[in-house]
Amino acid sequence: MDSNKLRLGIDLGGTKIEGIVLDADGVERCRERVPTPQDDYEATLDAVAGLVSSLEAGVDQACSVGIAMPGSVSRATGLVKNSNSVCLNGKPLHRELEERIGRPLRFANDADCFALSEATDGAGRDAAVVFGVIVGTGTGGGVVINGSLLAGPNGIAGEWGHNPLPWPQAGELPGRACYCGQHGCIETWLSGPGLARDHTQMNGGAMDARTIIQLAELGDAKACATMKRYADRMARALASVINLLDPDVIVLGGGISNCKRLYKAVMSRWDEYVFSDRVDTRLVRAQHGDASGVRGAAWLWPQE
Ligand SMILES: [Zn+2]
């Protein structure tokens, strides 16, 4: 790829499709978004292709195109799987978009794109091994090693959210039923809805994750206690990742990453669970926030 060539990234989300063009230094040249057509596969193809041509008209050149999507394209069948935009599942999205856009495209899971973005020029830059985690409505993850996404045969590297919560304590078993068919998945504890459920279970009433985090920042005793339990569960969940992968940096994104007190609280607890006399892994907040999906999609095409 010549160094003047621009990279275009698309984040195909459930409610909006966002597009961005980055130059070789990662500087944003333009950005656009359109609503995602609901339950309409053909209209989704049209919307993505339309966004690509509109962005390219804006910068007056053809770009490399990478796409972040929920779920993944199966290596075995070429069809979409595991997408919560269910109209994409079982469809040859990769091939049909390449036909419409007229060039090879690269696809990756949205959490993988988040990890790639933060490893390339975000909070995990200069780190050899980066584990990127999104904790929001769900829990996604991705692994970047020496600047490249780890992409295995099943397309699920980093998807630790559907492992069971490790080192379970009294009251945590068997855990809540998860939509994936298992019980007590990490996602059922660490997602925003999981945090809110735990708070309700201990205190009654109903409160969303954002409010709990805000109250904890203000020193509210019940919210602080909820965040303490949450931090211990996150410490255990991430300790199992550290034992397996030994990342230099773990980058947190998603709504819960806005909780400033979480970072120290988790790092002060994970020593107890990690199989090492000391833990030098850093837990840091994402630098690009919500833009990381679309930026990582653009970075799917590396400089050549
Ligand atoms: Zn699950």
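Me: Where does P174 lie?

Reply: P174 is in the loop between β10 and α4. Elements like these are DSSP runs, helices being H or I over at least four residues and strands E over at least two, numbered from the N terminus. This is a predicted model, with local features needing pLDDT of at least 70, side-chain atom pairs counting only at pLDDT 80 or more, and totals for chains, interfaces and linings using all residues. Residues are numbered from 1 along each chain as its sequence is written, and side-chain values use heavy atoms, with hydrogens and water left out.

Me: What kind of peptide bond joins L173 and P174?

Reply: A cis one, with omega at about 0°. Most peptide bonds are trans, and most residues other than glycine have a negative phi.

Me: Which phi does D60 take, and what makes this residue count as exposed?

Reply: Phi of D60 is near 60°, a positive value in a residue other than glycine. D60 sits in the loop between α1 (41-59) and β4 (64-69). As for the label, buried means under 20% relative accessible area, exposed over 50% and partly exposed in between, with a 1.4 Å probe and protein chains only. D60 has 70%, so it counts as exposed.

Me: Why is W167 called partly exposed?

Reply: Its relative accessibility is 38%, which falls in between the two cut-offs, so partly exposed it is. W167 is in the loop between β10 and α4, and it too has a positive phi, near 45°.

Me: Why is β8 said to be largely enclosed by the rest of the structure?

Reply: Six of the seven residues of β8 (residues 129-135) are buried, so the description follows.

Me: What makes β8 and β9 a pair?

Reply: Two strands pair if DSSP finds at least two bridges between them. β8 and β9 have seven bridges, running antiparallel, so they qualify. V133 stands opposite G141 in β9, and the two strands form a hairpin with three residues between them. β8 also pairs with β11 (residues 249-253), in the parallel sense, over five bridges. There, V130 has V249 as its bridge partner.

Me: What makes β10 an edge strand?

Reply: The open sheet has five strands in the order β10-β9-β8-β11-β12, with mixed pairing. β10 (148-149) and β12 (282-285) each pair on one side only, and those are the edge strands. β10 and β9 (residues 139-145) run antiparallel with two bridges, so they just meet the rule for a pair. In β10, S148 is the bridge partner of I145.

Me: How many Å should helix α7 span, and what do its ends show?

Reply: The expected span is 1.5 Å times one less than the number of residues. α7 (residues 221-245) has 25 residues, so it should span 36 Å; its end C-alpha atoms are 35 Å apart, which agrees.

Me: What caps the N-terminal end of α7?

Reply: D220, by a side-chain oxygen 3.3 Å from the backbone nitrogen of K222. A polar contact is a pair of N or O atoms within 3.5 Å; within protein, one must be able to donate a hydrogen and the other to accept it, and residues adjacent in sequence count only if both atoms are side-chain atoms. Just after α7, D246 takes a positive phi of about 50°.

Me: What makes a space a cavity, and how many of 30 Å³ or more are there?

Reply: On a 1 Å grid over the protein atoms alone, a cavity is a set of points where a 1.4 Å probe fits but cannot get out, whereas a pocket is an open set with protein on both sides within 12 Å along at least five of seven lines; lining residues have an atom within 4 Å of a point. Grid points are joined across faces, edges and corners, and a volume is the space filled by probe spheres set on the points. The count comes to one. The largest cavity holds about 30 Å³, and its lining is W189, L190, G194, L195, D198, T226, Y230 and R233.

Me: Which residues lie nearest the centre of the largest pocket?

Reply: D110, I134, G136, T137 and G138, among 48 lining residues. The space comes to about 1,800 Å³, and α6 gives the most to the lining, with four residues.
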